[in-house]
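Subject: A structure to look at, and its empty spaces

Dear colleague,

I am passing on a structure that I would like you to open beside this message. Please take a moment with it before reading what was found.

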Amino acid sequence: MAFSEICIYQVKPKKTEEFEALMQEAKSFLEQQEGLLMLRLIKRGYRIDMEQIKEGLAPLEIKRVVKSVKYMLYWEFDTKESYGAAQKNLYHSYWKEIEKCLIVPHDKYLGEELFGWN
């Protein structure tokens, strides 16, 4: 059963370039983690409201930054143990530099896969 994490980063607006460069640098390190099945980094750039949903319209582009720029890191592992080892490796490598770019500590959402698509 796959084990996944969704991590939400709230990046200081003046630190977005630094954060993106840091995450690009960390990408090859993260991809080498044992048991890694999938890795994605997403920058929030759109929003959707009920009107778009009801009418089947495209989401609306976010045109201004209010407090932070949000990023979502999704990574999936073969086991919880592989995930735990990867967290330790991340903590001892890029963690502190990532935290310096954030307005608040990042949120982690963890769980086991219920179903998936290929």
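How many cavities of 30 Å³ or more does the structure hold? Keeping in mind that this is a predicted model, the answer is 1 cavity of 30 Å³ or more, and the largest cavity has a volume of about 40 Å³.

The residues that line this largest cavity are Glu 5, Cys 7, Tyr 9, Gln 87, Leu 90, Trp 95, Ile 98, Glu 99, His 106 and Lys 108. If you trace them along the chain, you will find that β1 (3-11), α3 (80-91) and α4 (95-99) each contribute at least two residues to the lining, which by class comprises 5 nonpolar, 2 polar and 3 charged residues.

Next come the pockets. The largest pocket encloses about 280 Å³ of space, and among the 13 residues that line it, Arg 44, Ile 62, Arg 64, Val 65 and Ser 68 are those nearest its centre. Sorted by class, the lining of this largest pocket consists of 7 charged, 4 nonpolar and 2 polar residues.

The second largest pocket, for its part, has a volume of about 210 Å³. Which residues lie nearest its centre? They are Tyr 74, Glu 76, Glu 113, Phe 115 and Gly 116, out of 11 residues that line the second largest pocket, and the classes represented in that lining are 5 nonpolar, 3 polar and 3 charged residues.

With best wishes

Notes:
Residues are numbered from 1 along each chain as its sequence is written. This is a predicted model: local features need pLDDT of at least 70, side-chain atom pairs count only at pLDDT 80 or more; totals for chains, interfaces and linings use all residues. Side-chain values use heavy atoms; hydrogens and water are left out. On a 1 Å grid over the protein atoms alone, a cavity is a set of points where a 1.4 Å probe fits but cannot get out, and a pocket is an open set with protein on both sides within 12 Å along at least five of seven lines; lining residues have an atom within 4 Å of a point. Grid points are joined across faces, edges and corners, and a volume is the space filled by probe spheres set on the points. Ala, Val, Leu, Ile, Met, Phe, Trp, Tyr, Cys and Pro count as nonpolar, Asp, Glu, Lys and Arg as charged, and the others, Gly among them, as polar. Helices (H or I, at least four residues) and strands (E, at least two) are DSSP runs, numbered from the N terminus.
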